[in-house]
Amino acid sequence: MLSGMVNSVSPVSVTGGSSAELYSDKYGEDNYGFGQGLAFNAAANDNIAIGENTLSGTSGDATNNIAIGNDAAKSIGLGDNNIAMGKNSMETAPTVEGYDNNIGIGYNSIKDAYDAATENIVICV
């Protein structure tokens, strides 16, 4: 068991000589991530990101988002309570307040959303 959680982004070596980043902020805003290009805004809270550039565009108090897959929810900005699963899912989500409560599952699901899209469920195969 870990005795404490780190409060920064750290490179982690993986098989094949490539690297990834592990982000854990248990004692601050409770954001967690694994993948390259992770960047949470200081005001973002309770988010989970897995994949390259996933949730990398939080520009404010984005809260309670889960993104899995490369570029998933890449520019979610201020959105809350969203789930993006799959490469490019919610990739170009707007950076405005009100992009909340959306679920996108599958490649390119809700990729090009409009401002203040809310309460949408999109499944792509």
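This passage walks through a surface patch, an aromatic pair and the salt bridges of the structure shown above. The model is a predicted one, and the residue pairs described below are read from it.

A good place to start is the surface. Eleven names make up the nonpolar patch found there: L22, F34, I48, I50, I66, I68, M85, I105, I121, I123 and V125. Together these residues offer about 1000 Å² of accessible area. Several strands contribute to the patch, and at least two of its residues come from each of strand 4 (48–50), strand 5 (66–68) and strand 8 (121–123). One member that is easy to look up is I50, which lies in strand 4. With a relative accessible area of 39%, I50 is partly exposed.

Attention can now turn to the rings. The structure holds one aromatic pair. Its partners are Y23 and F40, whose arrangement is tilted, with 4.9 Å from centre to centre and 55° between the planes. Y23 belongs to strand 2 (residues 19–24), while F40 sits in the loop between strand 3 (32–34) and strand 4, so the pair ties together parts that are 17 residues apart in sequence. Y23 counts as buried, at 13% relative accessibility. F40 is buried too, with a relative accessible area of 13%.

Charged side chains provide the last part of the picture. Side chains of opposite charge can pair when their charged atoms come close. Three salt bridges are present in the structure. D71 takes part in a salt bridge with K74, at 3.9 Å from N to O. Another salt bridge joins D71 to K87, again with 3.9 Å from N to O. D71 is found in the loop between strand 5 and strand 6 (83–85), and K87 in the loop between strand 6 and strand 7 (103–105), so this pair ties together parts that are 16 residues apart in sequence. D71, K74 and K87 are thus linked in a network of salt bridges. Within this network, D71 counts as buried because its relative accessibility is 12%, under the 20% limit. K74 is partly exposed at 30%, and K87 is partly exposed at 39%.

A further salt bridge brings E91 and K111 together, at 3.6 Å from N to O. E91 lies in the loop between strand 6 and strand 7, whereas K111 lies in the loop between strand 7 and strand 8, so the pair ties together parts that are 20 residues apart in sequence. Here E91 counts as buried, at 13% relative accessibility, and K111 counts as partly exposed, at 27%.

How values were computed. Residues are numbered from 1 along each chain as its sequence is written. This is a predicted model: local features need pLDDT of at least 70, side-chain atom pairs count only at pLDDT 80 or more; totals for chains, interfaces and linings use all residues. Side-chain values use heavy atoms; hydrogens and water are left out. Patches are made of residues with over 30% relative accessible area and no salt bridge: like charges are joined within 9 Å, nonpolar side chains (Val, Leu, Ile, Met, Phe, Trp, Tyr) within 5 Å. Accessible areas come from the Shrake-Rupley method with a 1.4 Å probe; for residues, only the protein chains shown count as cover. A salt bridge is a side-chain nitrogen of Lys or Arg within 4 Å of a carboxyl oxygen of Asp or Glu. Helices (H or I, at least four residues) and strands (E, at least two) are DSSP runs, numbered from the N terminus. Buried means under 20% relative accessible area, exposed over 50%, partly exposed in between (1.4 Å probe, protein chains only). Rings of Phe, Tyr and Trp (its six-membered ring) pair if their centres lie within 6.5 Å; planes under 30 degrees apart count as stacked, over 60 as edge-to-face and the rest as tilted.
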